[in-house]
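These are my notebook entries on one protein chain. I looked up its charged contacts before turning to its overall build.

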Amino acid sequence: MYAIIVTGGKQYKVSEGDEIRVEKLDIEPGKDVTFDNVIAVNDGTLKVAGDVSSAKVEATVVEQGRAKKVIVYKYKRKTGYHKKNGHRQPFTLVKINKISM
């Protein structure tokens with residue numbers, strides 16, 4: 001059984017027991033979070049739209065973290081202009097506990 005959830009402007013296909021990295025949520029590690037915005041659920045037959053309006057995905061926050069650094073390098077030829085920056089995107093690691101209809 002799997003579900004497709006929406007969080008942080010992205011869609012994730014999740015099953016029970018999965019650990020996924022989502023956009024940062026302001027929830028402490030160890031606390032529970034419920035994803036109400038479920039697009040589809042497959043429990044033998046695919047259900048979408050109005051069929052999953054009451055579906056919920058329950059998860060537990062495992063940790064808050066930051067991804068590996070991505071180097072951003074800007075350069076313009078012949079002018080001597082170059083600029084190097086780095087960026088680390090924050091994320092929340094969640095473990096999916098239960099998918100309910």
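Entry 1, a pair across two strands. I looked up Lys-10 and Glu-23 in this predicted model and found that their side chains form a salt bridge, with 2.9 Å from N to O. I then asked which elements hold the two residues. Lys-10 belongs to strand 2 (residues 10-15) and Glu-23 to strand 3 (residues 19-23), so the salt bridge ties together parts that lie 13 residues apart in sequence.

I next looked up how far each partner is open to the surroundings. Lys-10 has a relative accessibility of 37% and therefore counts as partly exposed, since that class runs between the buried limit of 20% and the exposed limit of 50%. Glu-23 is also partly exposed, at 26%.

Entry 2, the other pair. How many salt bridges does a search of the whole structure find? The search gives 2. Besides the pair in my first entry, I noted Lys-24 and Asp-26, whose side chains meet at 3.3 Å, N to O. I checked the accessibility of both residues. Lys-24 is partly exposed, with a value of 44%. Asp-26 reaches a relative accessible area of 75%, which is over 50%, so Asp-26 counts as exposed.

Entry 3, a patch of charge. I looked for charges gathered on the surface and recorded a positive patch made of Arg-66, Lys-69, Lys-84 and Arg-88. I followed one of these residues, Lys-69, in detail. Lys-69 sits in the loop that joins strand 7 (56-66) to strand 8 (70-76). Is Lys-69 buried or exposed? Its relative accessible area is 55%, so I entered Lys-69 as exposed.

Entry 4, the chain as a whole. I looked up the secondary structure and counted 10 strands and 0 helices. Read from the N terminus, the order of elements is therefore β-β-β-β-β-β-β-β-β-β. I then compared the radius of gyration of the chain with the globule rule. The radius is 19 Å, well over the 13 Å that the rule gives for 101 residues, so the chain is more spread out than a compact globule.

I also noted the spans of the C-alpha trace along its principal axes, which are about 60 × 30 × 20 Å. Last, I looked up the share of buried residues: 26% of the 101 residues count as buried.

Definitions and conventions. Residues are numbered from 1 along each chain as its sequence is written. This is a predicted model: local features need pLDDT of at least 70, side-chain atom pairs count only at pLDDT 80 or more; totals for chains, interfaces and linings use all residues. Side-chain values use heavy atoms; hydrogens and water are left out. Patches are made of residues with over 30% relative accessible area and no salt bridge: like charges are joined within 9 Å, nonpolar side chains (Val, Leu, Ile, Met, Phe, Trp, Tyr) within 5 Å. Accessible areas come from the Shrake-Rupley method with a 1.4 Å probe; for residues, only the protein chains shown count as cover. A salt bridge is a side-chain nitrogen of Lys or Arg within 4 Å of a carboxyl oxygen of Asp or Glu. Lys and Arg count as positive and Asp and Glu as negative; His and the chain ends are not counted. The place of a charge is taken as NZ of Lys, CZ of Arg, CG of Asp or CD of Glu. Helices (H or I, at least four residues) and strands (E, at least two) are DSSP runs, numbered from the N terminus. Buried means under 20% relative accessible area, exposed over 50%, partly exposed in between (1.4 Å probe, protein chains only). The radius of gyration is taken over C-alpha atoms; the globule rule is 2.2 Å times the number of residues to the power 0.38.
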